[in-house]
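Biologist: Could you take me through this structure, please? I have not looked at it before.
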Amino acid sequence: MMTTNDTHRTEWSLPVRDDLPRDTLQVQLEVYQETVLLRGFEGDRTWVRTVSADEIANVFTRHLGFASGLLPENALWWSQGETGQVVALWRPPQVWPVALQREAFQPPARLRIPMPGLVFVCSPARAPWVYAALERPTDTGQQLYRAPAFNVFRDGRTCPGSHRFPEAVGRIPESFFSLTGDTRERSKKHPDNLQALWEELDGQADYPVEDLVPQCTVGRVMAVSEGRRDYY
């Protein structure tokens, strides 16, 4: 679109010096509540077009290099999210040593609990997001489930409390089973009593996957970890 209306034109120049010519404005970016406009100036004419945030980001990052470095074993994906580096890790079904704080000011009970496969979405030194899976994810439409653990909230977030997670994301899953948090709707058999489920599972070899509660898809988790809100 071409126009001669330069009402919104903004002039910029270098600091005043007699030996420097005035710097000529070529384009300007206008960010409104519902749209982003790119306005260009060619002599007495002005052109305007609508642009997307992705287009702007691509222009500014096309000459930047992004690399993950060496990823931990069983890494599922890597992304640069709103809060920095994000690495999703897979842990296959296994028996985990866990600490269960049954009573305040008393030593925690030490249990050995079989868990289904788990997906940990990790950032350095931060509490992970955790989900259960029937198998290692290979497709964005694959179903994920609520992790049957005390320290996972309804949306998959975990609260670290006073626990300090390591900077190395590959070590975060193994430092996970020692927290407390929301415990409802983690189990079909024990929807309001996760402790009963854990005590029932203590010492067993396999987790009853038919007891898992569905939560969301792999694609949804990937979108959230990247800061996107357009995936449904």
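Biologist: What does glycine 203 do just after α2?
Modeller: Glycine 203 takes a positive phi of about 90 degrees there. Helices here are DSSP runs of H or I with at least four residues, and strands are runs of E with at least two, numbered from the N terminus. This is a predicted model, in which local features need pLDDT of at least 70 and side-chain atom pairs count only at pLDDT 80 or more, while totals for chains, interfaces and linings use all residues. Residues are numbered from 1 along each chain as its sequence is written, and side-chain values use heavy atoms, with hydrogens and water left out.

Biologist: Which residues of α2 are buried?
Modeller: Leu194, Leu197, Trp198 and Leu201 are buried (under 20% relative accessible area; exposed is over 50%, partly exposed in between, with a 1.4 Å probe and protein chains only).

Biologist: Where do they lie around the helix?
Modeller: Seen down the axis of α2, they fall within an arc of 95 degrees, so they line one face of the helix. The arc is taken from the directions from the helix axis to the C-beta atoms.

Biologist: What covers them?
Modeller: The cover includes β7 and β8, where contact means heavy atoms within 4.5 Å.

Biologist: Changing topic, is arginine 39 buried or exposed?
Modeller: Arginine 39 is buried, because its relative accessible area is 8%. Its place is in strand β3, residues 36–42.

Biologist: Which side chain does its own side chain meet in a polar contact?
Modeller: That of glutamate 30, at 2.5 Å. A polar contact is a pair of N or O atoms within 3.5 Å; within protein, one must be able to donate a hydrogen and the other to accept it, and residues adjacent in sequence count only if both atoms are side-chain atoms.
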